[in-house]
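Opening the notebook on a new model today. I want to go through overall shape and then packing, chain by chain.

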Amino acid sequence: MDLTLSDEQKLLRESAERFVAGSYNADHRRKMANDPLGFSPAVWKQFAELGWLALPIPEEFDGLGGGPVEIAILMEAFGRGLVSEPYLATVVLGAALIDRCGSTAQKQASLPKVADGTLKLAFAHSERTARFDLARVTTSATKTAQGWRLAGGKIAVLDGHAADEIIVSATLHDHHGPSGRIGLFVVPATVQGLAISDYARLGGGRACNLELSDVHLPDDALLGDGHDALPAIEWAVDRAMAALGAEAVGIMQTLLETTLDYTKIRKQFGRPLSANQVIRHRLADMAMQVDEARSMALRAALKADSPPTERARTASGAKAKIGKCARFVGEQSIQLHGGMGVTEELEVGAYFKRLVAFDTLFGGSAHHYARHAELGRKA
Amino acid sequence: MDLNFNAEERAFQSEVRGFIAKNLTEEMKRATALTPSVFSDPDIGMAWQRALHANGWGAPGWPVEHGGPAWTPAQRWIFETECARAGVPNVNVMGVKMVGPVIIGFGSPEQKNFYLPRILSGEDYWCQGYSEPGSGSDLSSLKTRAVRDGDDYIINGTKIWTTHAHHANRMFALVRTSDGERQQDGISFILIDMKTPGITTRPILTIGGDHEVNQVFFDDVRVPVANRVGDEGKGWTYGKYLLEFERGSGIASAKLREGLKAISDLAESDLTGRAIDSPDIASRISEVEVDIDALEMTELRVLSALQTGQNPGAVSSILKLRNSEIRQAVTRLGVDVIGHDALAVEPMRPLYKLNHEPASPEEMLTVVPEYLNGRAYTIFGGTSEIQRDIIAKMMLGI
């Protein structure tokens, strides 16, 4: 039992923190918020040069073979600066799904390009009628003589507008009708029949909705051999939630420090806000919740490769708990900044909005406490 | 980073399991499960202490030269966790975990030779004389006074919330030996034989129906000066040292997990009409379980820091605060889970020696008393408000 960082992990943390502190400031974030792409291609290139895009990719596909703890270290640093590059979509979700489900040829075609920064991915799974149920997919993939025909719609696709290839989930149909299995298809962003409508995402970055009307794909667009992809989807989403949890910890830490500094400087009734016990106790509660969130993010990362039920319970528990802490820390940061906290003139609001987006992504606290409870009964 | 134990640690784990299987009797287990106060009664608690001592495990935190087993932090974690899982008696901590470390740290050679073996063997049973009716969280405002008279002190005053004073043969107390500039000055740390003339003990019943705490009165009580630990007037320093032990023992999650398991077992039982089928109850159980997961991870992070010689920082207040809040959440959930059975009051103690059939099933008897008595968790050892002050000061610098 050892929860201390290795020397390599410490180096990774230092370089990520240094990079974010140096490259991410308020001006940069404001520019990105109004940018049609929502992130900087130059920064993405630097991510590649720093080896971060290769981090979790296996060494045989030009990656560095890192795991969920390394991803968490990076994501926490990203949270400190509200990084808006499509790291989660491309590396944590996209590359992981190809690595888990793809054939050797499919992996060889994509993973080295993700690692060197020339291929961006996205994962299109959520649908309006499914809410947060990962098993409900109405988008269909019908076998044709030449390959597959996809039809349906997807929502809340993170960074789909920037992706070169989008991994789309669809229920597999053969000539008997729906098979009950979900397949994952690698869909080129430029394919005919795919309509992408993108929008600014709450808290930075962009997302999009997809319409697929008779999108024709070759046989090898299907990742793997047609086994049901639901277990892989659950695995990937659990890992993404762990990564997002670490990012949320970084966001909360920045909010805590910013708010603490403000309460020391801001004077009311002739003394700093922090001289009031009610303020000190609020900040103590915020510090405590940041620390609890930190513990849960670490737990989710360390158990990301556990057997499915244990992994899923841990991921859901962490998502629910960190989400609850995030809402509290975010809302109290605004409260303690007073009127200024509600304006766009300070950045507290931007950090808060990213936390709200975090809490909503892949399901909020109520959903994940319920999933945690249900998995507990099955266990 | 690795959450799993290594081969050596796993071997130690099976050694602990073997010890527990051999020494924990059904009687001890049942008595512990049916005790709604913090500590087991001495007959149960000391039986377990004697078994531990016979195996060289009587004082896990002590240095080897005084009889400690020289465990690593991970071994202590494993020991505490296995004990909680098995439901071993809750030995009163006043001896081994509280006065013991102070005597080791600041006592004279004579005091060490006399008291330490008697703590280990369970021959002495200790209580703590800290709080007074006028000083709760503001402990250093205490007024019990010790006036020098030759080789003795003459003590007058009163102590309150004294856990197991009615069982104890010894008390360690903070008393005022002079008035300094600051109210922390002039306090001395003194060891008192409870059979000394002039000491009377008044029981205090807590709202759960248990007699665990007392008020103790001192009326011209003569105590030898040789019973003072360390220097006169330095007692506050020693007392604070001990409070850090009280707050930061740092291994609470395993006990909370067992407490929650008892409640969720009830929720899944026909005795409660399967309370768990209510989505609200099921989600709340999950919420508390996840809070315990978070506390456990924080404990393990502290443990890892200790193992590698790092200072974990002011996190002991966070551990104390979260432990007490989660404990209250578990007991609150318990009351909601048992439903109608929360109405039945069983006034007799101990609950494991009732001479009649209780109104509720046995596994429910401690639920309401634990909830009621458990309100004290956020009060004793420094209230939650005091802990938040400490977090703000030590962690945030405000």
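These are my entries on the chains and their cores.

**Entry 1, status.** I'm working from a predicted model here.

**Entry 2, chain A.** I looked up the secondary structure and got 11 helices and 9 strands for chain A. Next I checked the overall dimensions: the C-alpha atoms fill a box of roughly 80 × 50 × 40 Å along the principal axes. The radius of gyration is 21 Å, which agrees with the value near 21 Å for a compact globule of 379 residues. Of those 379 residues, 52% are buried. I also pulled the contacts between residues at least 6 apart in sequence, and 74% of them join residues at least 24 apart.

**Entry 3, chain B.** Chain B comes out with 12 helices and 8 strands. Its radius of gyration is 22 Å, close to the 21 Å the globule rule gives for 398 residues, so chain B is as compact as a globular protein of that length. The C-alpha trace spans about 70 × 50 × 50 Å along its principal axes. Buried residues are 43% of the 398 in chain B.

**Entry 4, cores.** Which residues touch the most other members of the largest nonpolar core? I found A:L97, A:F185, A:A242, A:M252 and A:A297, out of 175 residues in that core. Helix α7 of chain A, residues 230-265, gives the most to this core, with 18 residues. Another core lies apart from it, with 41 residues, including B:L116 and B:V175.

**Entry 5, one residue up close.** I picked A:A297 and listed its contacts, skipping residues up to four places away in sequence: A:A72, A:A242, A:G245, A:A246, A:V249, A:A318 and A:I322.

Technical notes. Residues numbered from 1 in each chain as written. Chains lettered and ligands numbered in written order. Predicted model: local features only at pLDDT ≥ 70, side-chain atom pairs only at ≥ 80, totals over all residues. Core = buried A, V, L, I, M, F, W, Y, C linked by C-beta atoms within 7 Å. Buried ≥ 20, exposed ≤ 12 C-beta atoms within 10 Å, placed from the backbone. Helix = DSSP H or I, 4+ residues; strand = E, 2+ residues; numbered from the N terminus. Contact = placed C-beta atoms within 7 Å. Rg over C-alpha atoms; globule rule 2.2 N^0.38 Å.
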